Each structure stands twice: as structure tokens, then as C-alpha cells.
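Visitor: I would like a close look at a single part of this chain. Please set the scene for the whole chain and then go through that part residue by residue.

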Amino acid sequence: MTPESQVLSIIRNTPELMRILTLIRDCHLKQGALAAGSIRNTVWQVLSGQPVSLGSDIDVVFFDPDRPASDDLKIYAQLTQLAPEYQWQVKNEVYMAHYNFPDTPEFTSVADAIGHFVEVPTCVGAYLDGDALKLIAPHGVDDLVNFRCRPIPFYQQDERHRAIYRQRMATKQWQKKWPQLQVAEV
């Protein structure tokens with residue numbers, strides 16, 4: 001089994017994730033996907049033999065230059081009404097390129113945006129194309145399935161960038177939940 005098929009199998013066999021993916025698909029968002037922690041944490045939980053718990057935000061990302069940033073709140077309200085048990089976080093990635101650094105180039109797609117998340121195992125997304133489950137993994141999923149965490153190249157370029165990665169690692173404390181996780185020092 002390839003790492004990609006392993007991740008797809010974990011998602012497919014997690015009913016909560018499939019329900020969330022269906023809700024996202026039914027919102028008809030351009031390039032709409034579930035991304036980041038919901039997938040990363042689920043994969044690590046399953047591979048560690050832990051019960052699956054979607055304890056973090058449910059990160060919904062999309063890429064639609066024709067929608068104002070204020071539409072994120074409308075989509076959030078719609079998803080909250082449909083599934084209030086989740087902590088939804090909705091972002092049109094068109095407006096997120098300058099979140100940490102004002103000089104970052106504009107994102108060109110949702111895959112480009114996901115590829116700019118701080119650490120490699122977080123750079124993952126999934127969506128339903130009809131009933132077909134698709135994966136977005138600009139840096140691959142080897143680090144994810146092998147419990148390795150390192151910053152993407154963008155966050156390795158200088159001290160300002162590395163500091164964001166180090167702060168996230170200090171805040172997240174993932175090794176307490178997943179002791180086998182190897183976190184790169186930078």
C-alpha cells in the first residue's frame with residue numbers, strides 16, 4: 001500500500017471525516033477541501049491505535065477570487081447550522097497568502113495554499129469529487145505516515161520563518177500525544 005492510498009483509506013474509513021467531506025462538497029465551494037489538523041491528527045490517531053477524536057478545528061479551505069472574504073462567515077454559519085458539534089474554521093485561501101509575511105506571493109490555488117502551511121505533515125487536504133475521494137498533498141504524505149514533522153522549505157529560509165515553526169511546535173506539543181513523532185529542530 002502506498003502512503004497516499006494509506007491516507008485515503010484512513011479518511012474513507014473514518015465516518016466523521018466522510019460526513020464532513022460530504023458537507024463541504026455540498027457547499028459547492030470552488031476548490032473546497034478539508035485540510036490540515038483534522039486529517040493529520042486522524043492519521044496519527046489511527047496509526048497509533050488511538051481512538052479518533054476530532055478535537056481541533058475543522059479546517060475548511062477553498063479558493064474563489066470572486067467571493068469576498070466576508071463570505072467565510074456565511075459559509076461558517078451554514079456549516080455550523082448543519083453540524084453544530086464541530087468547531088468550523090472557514091478560509092478563502094485567496095486572502096491568506098500574507099497571514100504571516102506581507103511579502104509572500106499570492107496563492108494560485110487551494111493546493112498552493114495548503115502547500116504553504118507551516119509544517120509538512122499539516123500540508124494535506126482532501127475533498128470529494130462526486131463520490132470519489134481525492135487527496136491534496138503538495139509535499140507528499142511520507143512525513144505524515146512516518147510520524148516526521150519538519151517545516152516546509154518556505155519556513156526554513158531564515159530566522160523569522162524558523163521562529164514561526166518553533167513557536168508552533170512549542171504550542172502544539174504533539175509529541176505528548178504521539179511520542180513516536182520526530183520533530184525536526186531548526
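**A buried glutamate and its surroundings**

Guide: In this predicted model, buried residues make up 45% of the 186 residues in the chain. The chain holds 8 helices and 7 strands. Its radius of gyration is 16 Å, close to the 16 Å that the globule rule gives for 186 residues, so the chain is as compact as a globular protein of that length. The C-alpha trace spans about 40 × 40 × 30 Å along its principal axes. Of the contacts between residues at least 6 apart in sequence, 68% join residues at least 24 apart. The chain exposes about 9200 Å², and carbon and sulfur atoms supply 51% of that area.

The part to look at is E119, which lies in the loop between α5 (110-114) and β4. Is E119 buried or exposed? The relative accessible area of E119 is 0%, and buried means under 20%, so E119 counts as buried. The side chain of E119 makes a polar contact with the side chain of R168, at 2.6 Å. Which residues does E119 contact, leaving aside its neighbours within four places in sequence? They are R40, C149, R150, P151, I152, Y165, R168, M169 and W174. R168 is thus on the contact list of E119 as well as being its side-chain polar partner.

P151, one of the contacts of E119, also gives a link to R166. R166 and P151 are 15 residues apart in sequence, while their C-alpha atoms are 9.0 Å apart in space. R166 lies in helix α7, which covers residues 159-172. With a relative accessibility of 31%, R166 counts as partly exposed, whereas E119 is buried. Not counting residues up to four places away in sequence, R166 touches E159 and V186.

On the other side of the loop that holds E119 comes β4. Strand β4 runs over residues 125-129 and pairs with strand β5, residues 132-136, in the antiparallel sense over 5 bridges. Within this pair, A126 stands opposite L135 in β5. β4 and β5 form a hairpin with 2 residues between them. G130 is in the turn and has a positive phi of about 70°. As a general point, side chains in a regular strand alternate between the two faces of the sheet.

To return to the residue in question, E119 sits in a loop, has a relative accessible area of 0% and makes a polar contact through its side chain with that of R168.

Definitions and conventions. Residues are numbered from 1 along each chain as its sequence is written. This is a predicted model: local features need pLDDT of at least 70, side-chain atom pairs count only at pLDDT 80 or more; totals for chains, interfaces and linings use all residues. Side-chain values use heavy atoms; hydrogens and water are left out. Two strands pair if DSSP finds at least two bridges between them. Helices (H or I, at least four residues) and strands (E, at least two) are DSSP runs, numbered from the N terminus. Buried means under 20% relative accessible area, exposed over 50%, partly exposed in between (1.4 Å probe, protein chains only). A polar contact is a pair of N or O atoms within 3.5 Å; within protein, one must be able to donate a hydrogen and the other to accept it, and residues adjacent in sequence count only if both atoms are side-chain atoms. Contact means heavy atoms within 4.5 Å. The radius of gyration is taken over C-alpha atoms; the globule rule is 2.2 Å times the number of residues to the power 0.38. Accessible areas come from the Shrake-Rupley method with a 1.4 Å probe; for residues, only the protein chains shown count as cover.
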